[in-house]
Amino acid sequence: MSSDFATVLMDMGFSKEQAERALQVTGNQGVEPAMEWLLAHGDDFDQSAGTAVNSAPTTSSTEDATKSSNETGDSPNSDVEAKSLICNDCNKLFKNQAEVEFHAAKSGHTNFAESTEEKKALTEEEKLAQKKLLEQKLIEKRREREKREENEALEREKNRIRAGKEMIEIKKKMQDEELRKAIEQRKKEKEEDMKARQRIKDQIEADRQARREKMLQQQGIEKPTPPPVVVEVAKPAVKKDYTETRIQIRLLNGESLTQTFGIKEQLSAVRLYIELNRTDGDGSFSLMTTFPRKVFVEDDYDKPLDVLGLVPSAVVIVTKSPTS
């Protein structure tokens, strides 16, 4: 964080050493305390820093100073003391090497030399003006940061809205898929129901035809004849063709559920279906049939439906369990 504060101060025109010193003295509390300290103690800091810099100028500064001395006819070993550094490109004075390096980085100027002219300290009016300028820059930096944060927040909100829309679309697709499966299942149940009804009708019609033929035979022949073999053989043949059974379930509240099961499924499958789809409460219950009357016990739930005589269709009644 302190490096960010130093960068802001350097952007305002202070040298790197000034920025780091001000932040160190103010305990890295921020740009404004450091700026206040620099405006109040900047001159003292520049004087102490300038002595060290002038005592060891860089090679570039020395060469430029030598070049300037040769042009004016003075010797490079002149006893005249250099009081500042000057940019020959823009004639701007600097107190120390740090200011020179900062100016070179900002402007791209490379032609510097030593100067006997002393850089004057800022007056109170100049300090005040510089402070206002720095405060204005600080405000601009703050506005830029706020604008950046606002844009980032806006982008995050857009991403959130986009993610929400994608989630809604996914949920809608899942609901559509579930509805499609439910419709297909309902269609299949209706077809199976129609087939079961047709099988029952066919069986009833076969029984009627057998009785009719038997009655005609009795009327035309004195001695009774055995029932037609075709009728006796047809019944078990039809039963062997059953692979499913249609179970109608009557609940305690008078409502009914209808479902098709495989003939080899156990009675426990019917009980599980009732538990998942019942609308008459959650209490324990038992199952029974009326024609013939039979109350199923615990061992019956492990038996297949065809063994229990619930094929090709049956009515199962839900009753309250004796223990409830």
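These legends accompany close-up views of a predicted model.

**View 1. A three-stranded open sheet has the strand order 2-1-3.** The pairing in this sheet is antiparallel. Strand 2 and strand 3 are the edge strands, each with a single partner, so one side of each has no neighbour in the sheet. Strand 1 and strand 3 are joined by four bridges and pair in the antiparallel sense. Within this pairing, Leu85 has Glu114 of strand 3 as its bridge partner. Strands of a sheet pair through backbone hydrogen bonds, in either a parallel or an antiparallel way.

**View 2. Ser115 sits in strand 3, which spans residues 112–115.** Ser115 has 11% relative accessibility and therefore counts as buried, the cut-off being under 20%. Its side chain reaches the backbone nitrogen of Glu117 at 3.1 Å. Beyond the neighbours within four places in sequence, Ser115 is in contact with Ala82, Lys83, Ser84, Leu85, Ile86 and Leu93. Leu85, one of these contacts, is the residue bridged to Glu114.

**View 3. Asn28 and Asn91 each take a positive phi.** Most residues other than glycine have a negative phi. Asn28 departs from this with a phi of about 55°. Asn28 belongs to the loop between helix 2 (16–25) and helix 3 (31–55). With 41% relative accessibility, Asn28 is partly exposed. For Asn91, phi is near 60°. Asn91 lies in the loop that runs between strand 1 (84–87) and strand 2 (93–94). The relative accessible area of Asn91 is 58%, so Asn91 is exposed; the cut-off for that class is over 50%.

**View 4. Glu99 is a buried residue of helix 5.** Helix 5 covers residues 97–107. The relative accessibility of Glu99 is 12%, which is why Glu99 counts as buried. Glu99 and Phe14 are 85 residues apart in sequence. In space, their C-alpha atoms are 7.6 Å apart.

**View 5. Arg180 and Glu177 meet through their side chains.** Arg180 is found in helix 6, residues 124–220. A polar contact of 2.4 Å links the side chain of Arg180 to that of Glu177. Arg180 has a relative accessible area of 37% and is partly exposed.

**View 6. Strand 4 and strand 5 form an antiparallel hairpin.** Seven bridges join the two strands. Arg250 stands opposite Ser256 of strand 5. Five residues lie between the strands of the hairpin. In this hairpin, Gly254 takes a positive phi near 95°. Strand 5 is mostly covered, with five of its seven residues buried.

**View 7. The largest nonpolar core holds 19 residues.** Ile247, Ile249, Leu267, Val270, Ile274, Leu287 and Leu310 touch the most other members. At least two residues of this core come from each of strand 4 (244–250), strand 5 (256–262), helix 8 (267–277), strand 6 (285–290) and strand 8. Helix 8 gives the most, with four residues. Another core lies apart from this one. That core has 17 residues, including Ala6, Val8, Trp37 and Leu138. In soluble globular proteins, nonpolar side chains tend to be buried together.

**View 8. Helix 8 has buried residues on one side.** Leu267, Val270, Tyr273 and Ile274 are buried in helix 8. These residues cover an arc of only 115° around the axis, so they fall on the same side of helix 8. The buried residues of helix 8 pack against strand 4, strand 5, strand 6 and strand 8.

**View 9. Leu310 is in contact with residues distant in sequence, including Thr245 and Ile247.** Leaving aside neighbours within four places in sequence, Leu310 is also in contact with Leu267, Thr289, Phe296 and Leu305. Leu310, Ile247 and Leu267 are among the members of the largest nonpolar core that touch the most others.

**View 10. A cis peptide bond links Val311 to Pro312.** Omega of this bond is near 5°. Most peptide bonds are trans. Pro312 is found in the loop between strand 7 (293–295) and strand 8 (313–320).

How values were computed. Residues are numbered from 1 along each chain as its sequence is written. This is a predicted model: local features need pLDDT of at least 70, side-chain atom pairs count only at pLDDT 80 or more; totals for chains, interfaces and linings use all residues. Side-chain values use heavy atoms; hydrogens and water are left out. Buried means under 20% relative accessible area, exposed over 50%, partly exposed in between (1.4 Å probe, protein chains only). A polar contact is a pair of N or O atoms within 3.5 Å; within protein, one must be able to donate a hydrogen and the other to accept it, and residues adjacent in sequence count only if both atoms are side-chain atoms. Contact means heavy atoms within 4.5 Å. Two strands pair if DSSP finds at least two bridges between them. A nonpolar core is a set of buried Ala, Val, Leu, Ile, Met, Phe, Trp, Tyr and Cys residues joined through side-chain atoms within 4.5 Å. The arc is that of the directions from the helix axis to the C-beta atoms.
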